[in-house]
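This report describes the strands, loops and main pocket of one protein chain. Look at the sequence and the structure before reading on.

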Amino acid sequence: MDELFQVGVIANTHGVRGEVKVYPTTDDPARFKKLKKVLLDTGKEKLELEVAQVKFFKNMVIVKFKGIDNINDIEKYKGKGLFVTRSQAVKCEKDEYFIADLIGMEVSTEDGQALGEVKDVLQTGANDVYVVQVQESSPFAHRIPGNRGELLLPAIKECILQIDMGRRAIQVRLMPGLLEES
């Protein structure tokens, strides 16, 4: 499982005193107010930066880092990700999971037939949708709508029966309409 979680991406500089506009990639941008430190992925290394000040403007978070007081010191990091460690991450409630932890999990049906593996999670307004790359050897492979090899499973209790983080396995019920009739 990943030990680092991305909370934002530096979109641009803000002013000349080293502040940056950060596009938040977290469900709760207000969490930046509680952050003391973040890791900046420069592409070559991960720099630990201390958060000195946080403001909000439209859909962006304006962040000032301690010791970076000039636009020239931060401008080179535009487009770079900001991360937190798992210990700094927001604690998940019951039946909540980090997307990064779901990616790569094996998916099988309620009767134990292998289906595939989670490749992505789409966040919609109503509920998340798990994108499962169906194995060609799966008995369901020929019944995937659109024949792209991906099955979209709504993350609802009627469809997602069990998530076992220890085994990295998800058990699902294939509800009517998810597969083409054969």
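Which residues lie nearest the centre of the largest pocket, and how many residues line it? The model discussed here is predicted. In this model, 36 residues line the largest pocket, and Asp27, Glu96, Tyr97, Phe98 and Ile99 are the ones nearest its centre. Among the elements that give two or more residues to this lining are β1 (4–14), β6 (81–85) and α2 (99–102). The others on that list are β8 (114–123), β9 (128–134) and β11 (160–164). The space in the largest pocket is about 1,100 Å³. Sorted by class, its lining has 20 nonpolar, six polar and 10 charged residues.

**The barrel**

Strands of a sheet pair through backbone hydrogen bonds, and the pairing can be parallel or antiparallel. In this model, six strands close into a barrel with antiparallel pairing. Their order is β1-β2-β5-β4-β3-β6. Direction ignored, neighbouring strands of this sheet are turned by 50 degrees against each other on average.

Strand β1 has a partner on each side. With β2 (residues 19–24), β1 pairs in the antiparallel sense over six bridges. With β6, β1 also runs antiparallel, and five bridges join the two. Val9 shows both pairings: Val9 stands opposite Tyr23 in β2, and the bridge partner of Val9 in β6 is Gly81. Elsewhere in the barrel, β4 and β5 run antiparallel and are joined by six bridges. There, Gln53 has Lys64 in β5 as its bridge partner.

Gly8 is also in strand β1. Is Gly8 buried or exposed? Gly8 counts as buried because its relative accessibility is 0%, and buried means under 20%. Gly8 and Tyr23 are 15 residues apart along the chain, yet their C-alpha atoms are separated by 5.4 Å. Leaving aside neighbours within four places in sequence, Gly8 is in contact with Val22, Tyr23, Pro24, Thr25, Phe32, Lys80, Gly81 and Leu82.

**The open sheet**

A second group of six strands forms an open sheet. The order is β10-β9-β8-β7-β12-β11, and the pairing is mixed. At the edges are β10 (150–154) and β11, each of which pairs on one side only. Neighbouring strands of this sheet are turned by 35 degrees against each other on average, direction ignored.

Within the open sheet, β7 (residues 106–109) and β8 pair in the antiparallel sense over three bridges. Glu106 stands opposite Glu117 in β8. Strand β11 pairs with β12 (residues 169–172), again in the antiparallel sense, over four bridges. In that pair, Asp164 stands opposite Ala169 in β12.

Thr109 lies in strand β7. Its relative accessible area is 4%, so Thr109 is buried. Not counting residues up to four places away in sequence, Thr109 touches Phe140, Gln171, Val172 and Leu174.

**Turns and loops**

Which residues have a positive phi in the two hairpins described here? In the hairpin of β1 and β2, four residues lie between the strands, and Gly15 in the turn has a positive phi of about 75 degrees. The hairpin of β11 and β12 also has four residues between the strands, and Arg168 takes a positive phi near 55 degrees there.

Positive phi values also occur in two loop residues that are not glycine, Lys58 and Asp95. The table sets out these two residues.

| Residue | Phi | Loop | Relative accessible area |
|---|---|---|---|
| Lys58 | about 55 degrees | between β4 (46–57) and β5 (60–65) | 76% |
| Asp95 | near 65 degrees | between β6 and α2 | 49% |

Why is Lys58 called exposed? Lys58 is exposed because its relative accessible area is 76%, and exposed means over 50%. Asp95 has a relative accessibility of 49%, so Asp95 counts as partly exposed.

**Summary**

The predicted model contains an antiparallel barrel of six strands and an open sheet of six strands with mixed pairing. The lining of the largest pocket takes two or more residues from elements including β1, β6, β8, β9 and β11.

Methods
Residues are numbered from 1 along each chain as its sequence is written. This is a predicted model: local features need pLDDT of at least 70, side-chain atom pairs count only at pLDDT 80 or more; totals for chains, interfaces and linings use all residues. Side-chain values use heavy atoms; hydrogens and water are left out. On a 1 Å grid over the protein atoms alone, a cavity is a set of points where a 1.4 Å probe fits but cannot get out, and a pocket is an open set with protein on both sides within 12 Å along at least five of seven lines; lining residues have an atom within 4 Å of a point. Grid points are joined across faces, edges and corners, and a volume is the space filled by probe spheres set on the points. Ala, Val, Leu, Ile, Met, Phe, Trp, Tyr, Cys and Pro count as nonpolar, Asp, Glu, Lys and Arg as charged, and the others, Gly among them, as polar. Two strands pair if DSSP finds at least two bridges between them. Axes are lines fitted to C-alpha atoms, for helices over the stretch in contact, and angles run from 0 to 180 degrees between N-to-C directions. Buried means under 20% relative accessible area, exposed over 50%, partly exposed in between (1.4 Å probe, protein chains only). Contact means heavy atoms within 4.5 Å.
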